[in-house]
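Please look over the model shown below. The report that follows covers its cores, strand pairing and salt bridges.

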Amino acid sequence: QVQLVESGGGLVQAGGSLRLSCAASGRTFSTSTMAWLRQAPGKARDFVAGIRWSGGSTHYRDSVKGRFTISRDNAKNTVYLQMNSLKPEDTAIYYCAATDTWPYGSRWYQTGEYDIWGQGTQVTVSS
C-alpha cells in the first residue's frame, strides 16, 4: 500500500507563492503517475497538474499553466507543486493523488483515474 502526506498549504495574499509537498511512502514502486487535484467549497474536485515518476512528463489544466509547476524528486519519493502568482480563485483544499496507470488526454481530469489519495492541505488566497 502507498501512503501520501501533503504539506505546505496556508494563507497567502493574491500574487504570492506557496510550495506544496507530497511525500509518498510504502509500495511507491507500484505507482507510475502522481497528480495534484483541488476542491473549492461547494465544487467538484478538479485536476490541477500531473507528473510521471519515469521521465517526468507533465500535464496542467489551462488555468494554472505558466503559474504552477509540478516536479518530483524520485530519491525522496516526493512530488512538489510550486504555485506562483496565486489568485483568490485558487483557494481550495489541494489533494495529492497517485495511480498505477498512465493517464493521457481527458483521463488526467477524471478523479476515478486516481486510487490513492492524501488527506489534503488547505490553500487560501486573499484578495
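Which residues have the most contacts inside the largest nonpolar core? They are L4, M34, W36, L81, M83 and Y94. The model is predicted.

## Nonpolar cores

The largest core has 28 residues. Eight strands each supply at least two residues of this core: β1 (2–7), β3 (18–26), β4 (33–39), β5 (45–52), β7 (68–73), β8 (78–83), β9 and β11. A second core is separate and has six residues, among them A35, L37, W108 and Y114. In soluble globular proteins, nonpolar side chains tend to be buried together.

M83 is one of the residues with the most contacts in the largest core. Setting aside residues up to four places away in sequence, M83 touches G16, S17, L18, L20, R67, F68, Y94 and V123. That list includes Y94, another of the residues with the most contacts in the core. It also includes V123, a buried residue of strand β11.

## Strand β11 and its partners

Strand β11 spans residues 121–126, and its side chains alternate. T121, V123 and V125 point to one face and are buried. Q122, T124 and S126 point to the other face and are not buried.

How does β11 pair with strand β2, in the parallel or the antiparallel sense? The pairing with β2 (residues 10–13) is parallel and runs over four bridges. Here V12 stands opposite V125. With β9 (residues 92–99), strand β11 pairs in the antiparallel sense, over three bridges. In this pairing, T121 of β11 is the bridge partner of Y94.

## A97 in strand β9

A97 lies in strand β9. Is A97 buried or exposed? A97 counts as buried because its relative accessibility is 0%, and buried means under 20%.

Leaving aside neighbours within four places in sequence, A97 is in contact with L4, T33, M34, A35, L37, Y114, I116 and W117. Of these contacts, L4 and M34 are among the residues with the most contacts in the largest core. A35, L37 and Y114, also contacts of A97, belong to the second core. A97 and G50 are 47 residues apart in sequence, and their C-alpha atoms are 9.1 Å apart.

## Salt bridges

How many salt bridges does a search of the whole structure find? The search finds four. Side chains of opposite charge can pair when their charged atoms come close.

R38 forms one of these bridges with D90, with the closest N and O atoms 3.0 Å apart. R38 lies in strand β4 and D90 in the loop between β8 and β9, so this pair ties together parts that are 52 residues apart in sequence. R67 also forms a salt bridge with D90, and here the closest N and O atoms are 2.8 Å apart. R67 sits in the loop between β6 (58–60) and β7, 23 residues from D90 in sequence. Salt bridges thus link R38, R67 and D90 in a network. R38 and D90 are buried, and R67 is buried too.

The side chains of D62 and K65 meet in a further salt bridge, at 3.1 Å from N to O. D62 is exposed, with a relative accessible area of 62%. K65 is partly exposed, at 48%.

Notes
Residues are numbered from 1 along each chain as its sequence is written. This is a predicted model: local features need pLDDT of at least 70, side-chain atom pairs count only at pLDDT 80 or more; totals for chains, interfaces and linings use all residues. Side-chain values use heavy atoms; hydrogens and water are left out. Buried means under 20% relative accessible area, exposed over 50%, partly exposed in between (1.4 Å probe, protein chains only). Two strands pair if DSSP finds at least two bridges between them. A nonpolar core is a set of buried Ala, Val, Leu, Ile, Met, Phe, Trp, Tyr and Cys residues joined through side-chain atoms within 4.5 Å. Contact means heavy atoms within 4.5 Å.
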